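Please open the model in your viewer and keep the selection tool at hand, since this tour moves from one selection to the next.

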Amino acid sequence: MIPPRRLFHPCRRCFATKSHYDETVVYKYASQQIKPVSIGQLLKYRRQPLSTENILDSVGYTQAELPVRLAKRVISFHRLPFIVGTNPHIARVYNQYYEAFDRLHAFAPIGDLEAEWDFTRALERQTQILLDVIPTIAQGFLECQLYMPREERTSFINDLIRSRIGLRVIGEQHVALSYQFREEQKKAKQNHGAAGSTAAATATAASAVEPGRVGLGAAGEDVWVGAIHTRLHPARMMEQCGQMVQSMCEMHYGTAPGYYVDGDVDETISYIPSHFEYITCELLKNAFRATVDFSHSTNRSSHPPIQITITKGEGYVGVRIRDQGGGISKENMRNVFEYSWSSMQNSDSADEHGANGGGSLMAGMSLQTNLALQHGIGGPIAGLGFGLPMARLYAGYFGGSLDIVSMEGYGCDVFLKLRSIEGTVKGTLIECDPAAREVLLKLNAKDQFIIEDLDNTHLFINSTHLERVQRALDELMNSNTYEVGAPP
């Protein structure tokens, strides 16, 4: 019998239903090269306070980059088999990406703060709209699994998630910088000519900080560069995530194991807190659920605690999560990082972490409800097959890693390695005029000290070459400086 997928051929007609659809514009943007999300670009504005020029430069990069990335996602949907593209869930995600592209590419080049703020608010709304694409696409591919081989599904979802991470990093970084700039401006106005009200102004500014920034750093510290926290405490974050997941476990099971954090608890890292939170909550959900399930299946009288150990390394932080949840069987170990393995192949089979099925937790909840809850860190702790592979993609985005060691019949050790965003480069941002930049580019051809050429006036260089670069710039300055009245 011919497999159903052979009866249909890739076609994009299923997506060309909007009257305002302009395929030429989309392909024009999609044909452009994207610029990798660079550490130098993210940390370019770490010198505070932020200036109007900083914000306009940031929005210029964001406005140029996001439509290209969105257009490439739109085109990727065109390449799906026709029957897959007609699935209502996949068509919905396609429409969300197209509408985001249509909304953002329509802005004229931005040259003032008023236009920048309009763009930022639109960007913020589009970011919120795209939050639920993962559970929606999971439902779509669940229904279309007969029409695409697993390898093609995995490739499409990998590209979609990596693109989504990049879109959110670029978009949320600019949104955070825009809010940060306006908070600095507000604080400066409050403090200007009102020295006696400094404390009140500081309190007002602190109260207006964006959601998600509370409890991550000491009051008054300049630890934020947009969405990046430059002194994030993994131990403190693990305590917060542990409390959240423990409450979820108690809500779904009526019971939950304890946990404790040890190791290098005072270590800090430069990282995006929302990424750290997503990864660790997914890992903790697996550990908590597996522990409770294994206690139930073995009639264990109490739950052994989950151990969370923090370690420090050169430019990175390691997190080990150790549970006694029965481990992962050998036959299931090869599947734990496959998308929708637990729900697509057998909704009653073992899930991401452990030999027991998730039926006790999922009972009474429809698949669509579980998928809808899964997109955020507050989702159910029974795995739907997207948690671990997504966590590994997030960990690897800035050069980290995620590995699992299982002892069947006992438990699992999960090893998370996250590279500090600053530690991955160990560079210095320098500002120079175009002439000086050309000199440094020529020197770089020999010694390769430039980490990243950001633009015509900014270079990110290896810190060990800073003195040599300074000498080269001094020589250039001296060669173009003459005494008054001296012959040229």
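Begin by selecting two helices of this predicted model, α3 and α6, and show their side chains: Thr-52, Ile-55, Leu-56, Val-59, Thr-62, Gln-63 and Leu-66 in α3 meet Leu-113, Glu-116, Phe-119 and Leu-123 in α6. If you colour these contact residues by character, you will find seven nonpolar, three polar and one charged. Two packed helices are described by the angle between their axes and the distance between the axes. Here, the axes of α3 (residues 52-78) and α6 (residues 113-129) come within 10 Å and cross at roughly 45°, which makes α3 oblique to α6. The crossing of α3 and α6 is left-handed.

Next, turn to the sheet. In what order do its five strands lie? They form an open sheet with mixed pairing, and the order is β3-β5-β6-β8-β7. Select β3 (259-263) and β7 (401-407), which stand at the edges: each has a single partner strand, so one side of each is left without a neighbour in the sheet. From one strand to the next, the twist averages 15°.

Now follow the pairings. Strands of a sheet pair through backbone hydrogen bonds, either parallel or antiparallel. Starting from β3, select β5 (residues 306-313) as well, and you will see two strands that run parallel and are joined by five bridges, with Asp-262 having Thr-309 in β5 as its bridge partner. Then select β6 and β8, which run antiparallel and are joined by eight bridges; here Arg-322 stands opposite Asp-413 in β8. Adding β7, you will find that it pairs with β8 in the antiparallel sense over seven bridges, and that the bridge partner of Ser-406 is Cys-412 in β8. The hairpin of β7 and β8 has three residues between the strands, and in this hairpin Gly-409 takes a positive phi near 90°.

With the sheet still shown, add the helices that lie across its strands. Helix α11 (residues 273-297) lies across β3, β5, β6, β7 and β8, and runs at about 175° to β8. Helix α16 (residues 387-397) lies across β7 and β8, running at about 135° to β7.

Finally, select the aromatic residues, among which the structure holds 13 pairs. In one of them, the rings of Tyr-339 and Phe-386 have their centres 5.2 Å apart and their planes at 50°, so the pair is tilted. This pair links distant parts of the chain, because Tyr-339 lies in the loop between α12 and α13 and Phe-386 in the loop between α15 and α16, 47 residues apart.

Methods:
Residues are numbered from 1 along each chain as its sequence is written. This is a predicted model: local features need pLDDT of at least 70, side-chain atom pairs count only at pLDDT 80 or more; totals for chains, interfaces and linings use all residues. Side-chain values use heavy atoms; hydrogens and water are left out. Two strands pair if DSSP finds at least two bridges between them. Helices (H or I, at least four residues) and strands (E, at least two) are DSSP runs, numbered from the N terminus. Axes are lines fitted to C-alpha atoms, for helices over the stretch in contact, and angles run from 0 to 180 degrees between N-to-C directions. Contact means heavy atoms within 4.5 Å. Angles under 35 degrees count as roughly parallel, over 145 as roughly antiparallel, 65 to 115 as roughly perpendicular and the rest as oblique. A crossing is left-handed if the near helix is turned anticlockwise from the far one by less than a right angle, and right-handed if clockwise. Ala, Val, Leu, Ile, Met, Phe, Trp, Tyr, Cys and Pro count as nonpolar, Asp, Glu, Lys and Arg as charged, and the others, Gly among them, as polar. Rings of Phe, Tyr and Trp (its six-membered ring) pair if their centres lie within 6.5 Å; planes under 30 degrees apart count as stacked, over 60 as edge-to-face and the rest as tilted.
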